[in-house]
Amino acid sequence: MAVTTRGERRLKTGHPWIYRSDLRRVAAGPGDVVRVTGTDRRTLGYGLYSSRSVIALRMLTRRDVRPDDAFWRARLEAAIRYRESLDIDATAYRLVHGEGDRLPALVVDRYGDVLVVQALSQATDRLLPLIGELLADLLQPVGILARNDPQVRALEGLDRTVELRHGSVPQEVEVREGAVRLAVDPWRGQKTGLFLDQRENRVAAAAHAGGRAFDGFSYTGAFALQLASACDEVVAVDVSESTAAAVARNAETNGAANVRPRAANVFDVLRDCDRAGERFDTIVLDPPAFAKNRGAVERALAGYKEINLRALKILAPGGTLITSSCSYHVDEPAFGRMLAAAAGDARADVRVVEKRLQSRDHPVLATVPETSYLKCVVLRKM
Ligand code: SAH
């Protein structure tokens, strides 16, 4: 597989993606592991080929050695060892984060002794039997579930399926995150069951929390339950009815009688609280990605501004806002400008107490901006 000069330059910067327009000669089938050559026919390394995605190649290695089973085992071992080095105080976390672990288009999440995998390219889909075998051997999980149902699979021409790959996987797994216990449904929960990228931010949020708290976009209450032990009351709002029931159950498991789940639209609730003059001392905002692509950035920023503006209005003086965006296309400077505009409109003076990223088990690769997508800013109202 030959790439253009532009493609070659890109690889030299350390970015693993080659777009289709930068391929010079295609001699590969869907999902093949291919040798990649530059303009002077020198080998640039090996990559995963996709016949459908605009990302036609995802580089695996710059070495001139065809990746074999031992290569995959070593990459998986390196990902596992990195997590071991982090001293993670939880039984659920991400073991493999695609490009961030030099395992492009592959996700592996651990929920206790169950693994959930996602193959997000033609090649990782084809390699899943091998990857499953290696994971079973390296980690001895009781079960491996393939949650191959994310929408991005359609870009690769892959179907969307959920299937058991190894052993058995129960409908519900209990995991621990710091002092909090959470029930997870690996088969039907959002993503692979939990939003693991916010794990460390949830624990950090608790350290800033107190008084009356609001958890906006709560899902099953992972933030709310971290806040509960530091707060008098936590109102947890998510638009989905089933989610409110899950929050209630998780609250009971943790003996957190001060968590009040509510199935409602956060935009409406914040507006009503503002009108009614309600006040909160701690507010968490963790909305879904408002900008799924570049074209949606402007509307997304308007949405982010609306919720942050209202939150800053109903935040009591001295109170803390922990606010996030997981839209890659809304980058950190844009998120910061939006927060400044929201604070200005709310006539609030706020200190930036902390700027945080996704949890360390979702590694950011210095040369790959796309691996850094989550922003979490802690603000204190003066
Ligand atoms: N904070 C959660 C993850 C939130 S994911 C955690 O740490 O686990 C985003 C959640 O927002 C989803 O559960 C989705 O159901 C919910 N949601 C999306 N739009 C919403 C809206 N307008 N109002 C309330 N909840 C919404």
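In this predicted model, an oxygen atom of the ligand sits 3.0 Å from an N or O atom in the Gln190 side chain. Arg202 makes a similar kind of approach, with an N or O atom of its side chain 2.7 Å from a ligand oxygen. Phe217 joins in through its backbone: an N or O atom there lies 3.0 Å from a nitrogen atom of the ligand. On its own the ligand would expose 580 Å², and the protein buries 90% of that.

Zooming out a little, 16 residues surround the ligand, with Gln190, Arg202, Asp238, Val266 and Asp286 the closest. By character, the shell splits into 10 nonpolar, 3 polar and 3 charged residues. Helices α5 (222-228) and α7 (266-276) each contribute at least two of the shell residues. Arg202 turns up again over the face of Phe223, 6.0 Å from the ring centre.

Now for the aromatics, where the structure has 7 pairs. Phe217 and Phe290 count as edge-to-face because their planes meet at 70°, with ring centres 6.5 Å apart. This pair bridges distant parts of the chain, 73 residues apart: Phe217 is in the loop between β14 (212-216) and α5, and Phe290 in the loop between β17 (280-285) and α8 (297-314). Phe217 is buried, at 15% relative accessibility, whereas Phe290 is partly exposed at 23%. Phe290 also pairs with Tyr304, and here the planes are at 35° and the centres 4.7 Å apart, so the pair is tilted. Tyr304 belongs to helix α8, 14 residues from Phe290, and is buried with a relative accessible area of 0%. Ring pairs tie Phe217, Phe267, Phe290, Tyr304 and Phe335 together as a cluster.

Conventions. Residues numbered from 1 in each chain as written. Predicted model: local features only at pLDDT ≥ 70, side-chain atom pairs only at ≥ 80, totals over all residues. Heavy atoms only, no water. Near = heavy atom within 4 Å. Polar contact = N/O pair within 3.5 Å; in protein donor to acceptor, adjacent residues only side chain to side chain. Areas by Shrake-Rupley, 256 points an atom, 1.4 Å probe, with all protein chains shown as cover. Helix = DSSP H or I, 4+ residues; strand = E, 2+ residues; numbered from the N terminus. Nonpolar A, V, L, I, M, F, W, Y, C, P; charged D, E, K, R; others polar. Phe/Tyr/Trp six-rings, centres within 6.5 Å; stacked < 30°, edge-to-face > 60°. Buried < 20%, exposed > 50% of the residue type's maximum accessible area, 1.4 Å probe, protein only. Lys NZ or Arg CZ within 6 Å of the ring centre and 35° of its normal.
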